[in-house]
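Me: I've got a structure open and a pile of terms I don't quite trust yet. Can we go through them one by one?

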Amino acid sequence: MTGLDDRLLDDDEATDRTAPVWAVFGDLMSGLVGAFVLILVGVLVVQMDLVASLQAEVQKRQQEEQRRMALEKALAIPLQNGRVTLDNGRIGISGSVLFALNSDELRPEGRLILQSLVPPLQVYLGERDEMLMVSGFTDDRPVQATNQRFADNLELSAQRALTVTRALIQEGMPPQRVFSAAFGAEQPVASNTDEKGRALNRRVEMAPVPKATPSKAPPRE
């Protein structure tokens, strides 16, 4: 019996030694499977985010293209005479058409152009519940040398934008649909090294923009 008992004891000891090895191997495999699942889930999440971002960008571009086409259609008649341009949703009018050099007094021809823009813009803005931003720009030459009324180009561009804004309102644009902005010599569209470039930089632009969302007032304590 002693020999049989010894063999049984040896088998038990071997089993005891083997069991922890399989347990460790099982834990290792479980950890690897868990890590693989986590990596796979992470990859899927990243791919879903990329797809969502791509879809949002495509939708945004489609909306911008639709807005551009709608604006171009609305301004078809004013655009035909060449005095009004449309570039990336911005309606441009040469400063020389609207004003004399270093002046904020609207020319009769400029008023007629603005008058032609009001009806289609009013319909366009009303359909989308948007506003019209009127922006004034100048070249980089100082104005005080020829006109002491303005302190600098920023003031001249501000007054011109305000003049155009008021003219639009006088021609029927609802006041709540239009506002003015001034940029002076900033954001040139051409070089200021020659007269041709400076003439292009002296301009007024109008662009439909979304209405600002009113912020919620903080709760009263």
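Reply: Sure. This is a predicted model, where local features need pLDDT of at least 70, side-chain atom pairs count only at pLDDT 80 or more, and totals for chains, interfaces and linings use all residues. Residues are numbered from 1 along each chain as its sequence is written, and side-chain values use heavy atoms, with hydrogens and water left out.

Me: Where is Asn153 found?

Reply: Asn153 is found in helix α5, which covers residues 153-170. Helices here are DSSP runs of H or I with at least four residues, strands are runs of E with at least two, and both are numbered from the N terminus.

Me: Why is Asn153 called buried?

Reply: Buried means under 20% relative accessible area, exposed means over 50%, and partly exposed is in between (1.4 Å probe, protein chains only). Asn153 has 11% relative accessibility, so it counts as buried.

Me: What makes the pairing of the Asn153 and Thr138 side chains a polar contact?

Reply: A polar contact is a pair of N or O atoms within 3.5 Å; within protein, one must be able to donate a hydrogen and the other to accept it, and residues adjacent in sequence count only if both atoms are side-chain atoms. The two side chains make their polar contact at 3.5 Å.

Me: Which residues does Asn153 touch, not counting residues up to four places away in sequence?

Reply: Contact means heavy atoms within 4.5 Å. On that basis the partners of Asn153 include Thr138, Asp139, Pro142 and Gly184.

Me: Why do Phe36 and Glu72 get different labels?

Reply: Phe36 has 56% relative accessibility, so it counts as exposed. Glu72 has 38%, so it counts as partly exposed. Phe36 is in helix α1 (residues 2-74), and Glu72 lies in helix α1 too.

Me: What does Glu72 touch, leaving out residues up to four places away in sequence?

Reply: Glu72 touches Leu79 and Leu86. Leu86 is 14 residues from Glu72 in sequence, and their C-alpha atoms are 7.3 Å apart in space.

Me: Which of Asn88 and Asn102 is buried, and which is exposed?

Reply: Asn88 is at 65% relative accessibility, so it counts as exposed. Asn102 has a relative accessible area of 14%, so it is buried. Asn88 lies in the loop between β1 (84-87) and β2, while Asn102 lies in the loop between α3 and α4.

Me: What is phi for Asn88, and what is it for Asn102?

Reply: For Asn88, phi is near 55°, a positive value in a residue other than glycine. Asn102 has a positive phi of about 60° although it is not a glycine either.

Me: What makes something a nonpolar core?

Reply: A nonpolar core is a set of buried Ala, Val, Leu, Ile, Met, Phe, Trp, Tyr and Cys residues joined through side-chain atoms within 4.5 Å. The largest one in this chain has 26 residues, and among those touching the most other members are Ile93, Leu117 and Met206. Helix α4 gives the largest share of this core, seven residues. Leaving aside neighbours within four places in sequence, Leu117 is in contact with residues including Ile93 and Met206. In soluble globular proteins, nonpolar side chains tend to be buried together.

Me: How much of the chain is buried?

Reply: Buried residues make up 29% of the 221 residues in the chain.
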